[in-house]
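Hi,

Here is the structure I promised to pass on. Have a look at it first, and then read my notes below.

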Amino acid sequence: MSNAIEQKLHEILGDRLLTDVDDRISYGFDGSFGQYIPDYVVQVISAEEVQAVVRVADEFVIPVTPRGAATSLSGGPLPVAGGIVMDFSQWNHYLEIFPDDLLIKVSPGVRTGDIHKLADDYNLMYPPDPSSSSVCTIGGNLAENAGGPRGVKYGVTKDYVLGLQVVTADGSIIHTGGQTVKNVTGYDLTKLLVGSEGTLGIITEATLRLIPKPLDTMTAMIVYDDLYTAGKSISTILTSGVRPSKMEILDQNAINKVEDYAGLDLPREAAAVLLVEVDGDTEALKKEMEVIRSALKKIGVTGVNIAGDKEEEAKLWQVRKLVSPAIVSSGYTKISEDATVPLSKIPDMFKKIDEIKEKYHLNIVVFGHAGDGNLHPTINTNMRDAEEVSRVEDAVEEIFNYAIELGGTLSGEHGIGTMKRAFLEKEVGQAGLEFQKAVKKALDPKNILNPGKIFPNPGEKRLVLNNDTAP
Ligand SMILES: Cc1cc2nc3c(=O)[nH]c(=O)nc-3n(C[C@H](O)[C@H](O)[C@H](O)COP(=O)(O)OP(=O)(O)OC[C@H]3O[C@@H](n4cnc5c(N)ncnc54)[C@H](O)[C@@H]3O)c2cc1C
């Protein structure tokens, strides 16, 4: 053993402590940017192991960076300050459903898709559905407060968390919330910890709320000649008296990327398409689609194509699922943003992104959870082209600034991590930033839990994409 830290970690984990450089390098990435090599990787499989590792980190004052499946698009699991990467992906075996209580208990490494499948077996539903659900972990979803297409009707991860087991920065194990929908005992620490990006505590178990599975679904694809009207349709549909369960938008660039990738007979000439799903009783769904159709007609939109059967419906959702793979396969590096704006401002945001695309000569694809105002302007770029990367950094900053100006937010679901920390103060103000820092300091005084995330480094005012520290 090379040192006391390694010796202690080895006593806790045995061969689930990884110290070889190749292993450590492979834990230095996520779905965003930058490579950082941790000093140790620990593959934990119990709360007691998490607790023991955190106590070592506390004793030697070294960082602990939790990591689920590393699909984060904001830099959350990157070990920017070295130290220990705590890998949860092996701790995926505790998944127990309590159907009569409409709840499910999980260990942090369980994949979100496995929760969906188990709930479905009991005719129940766990609504949060990030598009990465076949690979991402529930621990990562909890830490990022992940959303997804169903957010427009059912909300996001935080709306389905009844209770948590958490290891705190000093290595204590605490429980927040419980197993009941109603619980107002003390501060709502569950809400504080969900979305805290692993900076305030490490989640070792969660109790999640389920709802009855809707009886049926129906989906329409609406085709637009101009982006502005597509944006305007969103508020029109949401004020028509119907509440869609999903509402996703793809701009022309996104449509064409998917078409190039999969050849699904999509309308290449369209400025945008909107995918709208309604769920509930089969007969009611037909009426709801008619309400949507007539509301859209009033603003001159007529291209409402309703899927005739389940196969056609699945094909429409396949279109949305393929956007990310299509973008990845079409260029070098993919930068996914998730600036979110009030619904009435979506047309303005589209217009601005178009202007930014022209101004910086960039390949920007826009798609996203339209019903939440949560757009994903996604840029294809070549990280080896320093001049282009600098234009990308400027473009991203302009997108963020405009989202804030419109009364929106830097992040609807991906989190702040390293990617957006330079802009946090712009949104929350100096006093707001200090208040958030005070919470962090109170709960993690030695700054060992996922340091370098959420809060800007001193003097940091700009996004820098090329920040690799790996050899
Ligand atoms: C193709 C693609 C599609 C995506 N679609 C969506 C989408 O629709 N909606 C959405 O919200 N996101 C989406 N994402 C982003 C990403 O999948 C989510 O942020 C997801 O929640 C990350 O889960 P993960 O298991 O990969 O966590 P990681 O990326 O490993 O970590 C994410 C954060 O969680 C922390 N963390 C992990 N486990 C724990 C734990 N047990 N305790 C405390 N902190 C922990 C990490 O430190 C990090 O800060 C997408 C990503 C990709 C690549």
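What follows is a short run through a sheet, an annotated domain and a pocket.

Before anything else, keep in mind that this is a predicted model.

Let's start with the sheet. It is open, has four strands in the order S1-S2-S4-S3, and its pairing is mixed. Strands S1 (17-18) and S3 (64-67) are at the edges with a single partner strand each, so one side of each has no neighbour in the sheet. Further in, S2 (residues 40-43) and S4 (residues 84-87) run parallel and are joined by four bridges. If you want a spot to zoom in on, Tyr40 sits opposite Ile84 of S4.

Two helices pack on this sheet. Helix H1 (residues 4-13) touches S1, S2 and S4, and its direction is at about 15 degrees to that of S2. Helix H3 (residues 47-60) touches S2, S3 and S4, and its direction makes about 170 degrees with that of S4.

On to the annotation: the unreviewed UniProt entry gives "domain: FAD-binding PCMH-type" for residues 33-213. In the model, that span is 22% helix and 24% strand, and its end C-alpha atoms are 38 Å apart.

Last, the second largest pocket, which holds about 750 Å³ of space. Its lining is made up of 32 residues, with Asn145, Gly195, Glu197, Ser411 and Ile416 nearest the centre. Helix H15 (residues 424-443) supplies the largest share of that lining, seven residues. Sorted by class, the lining has 14 polar, 12 nonpolar and six charged residues.

Cheers

Key:
Residues are numbered from 1 along each chain as its sequence is written. This is a predicted model: local features need pLDDT of at least 70, side-chain atom pairs count only at pLDDT 80 or more; totals for chains, interfaces and linings use all residues. Side-chain values use heavy atoms; hydrogens and water are left out. Two strands pair if DSSP finds at least two bridges between them. Contact means heavy atoms within 4.5 Å. Axes are lines fitted to C-alpha atoms, for helices over the stretch in contact, and angles run from 0 to 180 degrees between N-to-C directions. UniProt positions are given in the numbering used here, feature names are shortened, and annotations may be inferred rather than shown by experiment. On a 1 Å grid over the protein atoms alone, a cavity is a set of points where a 1.4 Å probe fits but cannot get out, and a pocket is an open set with protein on both sides within 12 Å along at least five of seven lines; lining residues have an atom within 4 Å of a point. Grid points are joined across faces, edges and corners, and a volume is the space filled by probe spheres set on the points. Ala, Val, Leu, Ile, Met, Phe, Trp, Tyr, Cys and Pro count as nonpolar, Asp, Glu, Lys and Arg as charged, and the others, Gly among them, as polar.
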